[in-house]
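Biologist: I should like a close look at a single part of this model, chosen by you. Please describe its surroundings in one connected account and then place it within the chain.

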Amino acid sequence: MREIIFDTETTGLDSRDDRVIELGGVELVNRFPTGRTFHHYINPQGRAIHAEAQSVHGISAADLAGKPSFAEIAEEWLKFTEGAKLVAHNATFDIGFLNVEFGRLGHPPVDNGLVVDTLALARRKHPMGPNSLDALCRRYGIDNTKRTKHGALLDSELLAEVYIELIGGKQAALILDSASAPARGGDNVRQIEIIVAERPAPLVPRLTEAERAAHAAMVATLGDKALWLKASPQEAAQALSS
């Protein structure tokens, strides 16, 4: 199962008039990060950045000079997210902006059935809040000290960690005597393959003959009911070497 945890930064709050100026995402497969990411700063093509928005993300018009337009990065984003669920915090905001941007290009809107809103998940799990990204990082002990300003890629990376905590993805149950053990993460079940390799050669014994003789002398003092006397020679040698 592929999921893309993503975030946007924009020129303002009105998706009908404002523009996306940063888009970032990280890929999860079976709730584990793969290391694949997407990140672009985007030129808003003359749309001014509201002062209130700039105070949040710190991106200025000068920072976006020479950056690609949304039209230039749209196909790359669609390829990166193809077939994946889209996970965002307050997803209505981000999806609303993406739908308007794609609408300008003649692309259909994002399928709402593929969208997961972590804010809604957090409100159900922690109804007393607070449930901002920073608050959830504090709740789950996730280091967000680098987040002095909002940033699409950094926020996506933090949200990926928060999302895994929200769905209980780290509480995997492992059956160590099975070659394929089920692990439950939220409402989904995945298979974790456990490979136990055999040693190519036995470990070299670490006991000297003097140590073996000293141990035998100590066991002789324990009496006829000593547990050591009930062990086979192989079991005793294994215990001594461990």
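Modeller: Contact, or touching, means heavy atoms within 4.5 Å. The model is predicted, so local features need pLDDT of at least 70 and side-chain atom pairs count only at pLDDT 80 or more, while totals for chains, interfaces and linings use all residues. Residues are numbered from 1 along each chain as its sequence is written, and side-chain values use heavy atoms, with hydrogens and water left out.

The part I have chosen is His89, found in the loop between β4 (85-88) and α3. Helices (H or I, at least four residues) and strands (E, at least two) are DSSP runs, numbered from the N terminus. His89 has 18% relative accessibility and therefore counts as buried (buried is under 20% relative accessible area, exposed over 50%, partly exposed in between, with a 1.4 Å probe and protein chains only). Leaving aside residues up to four places away in sequence, His89 touches Asp94, Asp117, Thr118, Leu119, Asn131, Ser132, Leu133, Leu136 and Leu159.

Two of these neighbours are also reached through polar atoms. The side chain of His89 makes a polar contact with the side chain of Thr118 at 2.7 Å, and the His89 side chain comes to 2.9 Å from the backbone oxygen of Asn131. A polar contact is a pair of N or O atoms within 3.5 Å; within protein, one must be able to donate a hydrogen and the other to accept it, and residues adjacent in sequence count only if both atoms are side-chain atoms.

Thr118 leads on to a helix pair. Thr118, Leu121, Ala122 and Lys125 of α4 meet Leu159, Tyr163, Glu165 and Leu166 of α6. The residues of this α4 and α6 contact comprise five nonpolar, one polar and two charged. Thus two residues touched by His89, Thr118 and Leu159, also take part in the packing of α4 with α6. Helix α4 (residues 118-125) and helix α6 (residues 152-166) pack at an angle of about 40°, with their axes 11 Å apart. The two helices are therefore oblique to each other (under 35 degrees is roughly parallel, over 145 roughly antiparallel, 65 to 115 roughly perpendicular, the rest oblique).

The loop between α4 and α5 (133-140) holds Pro130. A cis peptide bond joins Pro130 to Gly129, with omega at about -5°.

On the other side of the His89 loop in sequence lies α3, which packs against α2. Helix α2 (residues 70-81) and helix α3 (residues 91-104) have axes 10 Å apart and an angle of about 110°, which makes them roughly perpendicular. Phe70, Ala74, Trp77 and Leu78 in α2 meet Leu98, Glu101 and Phe102 in α3. Six of the residues in this contact are nonpolar, none is polar and one is charged.

Other loops offer a contrast in burial. Arg31, in the loop between β2 (20-29) and β3 (32-41), counts as buried at 8% relative accessibility, and its phi is near 70°, a positive value in a residue other than glycine. Gln45, in the loop between β3 and α1, also has a positive phi, about 55°, but counts as exposed at 53%. Gly66, between α1 (51-57) and α2, is likewise exposed, at 81%.

For the chain as a whole, the secondary structure comes to nine helices and seven strands, and buried residues make up 37% of the 242 residues.

Key. Axes fitted to C-alpha atoms, helices over the stretch in contact; angles between N-to-C directions. Nonpolar A, V, L, I, M, F, W, Y, C, P; charged D, E, K, R; others polar.
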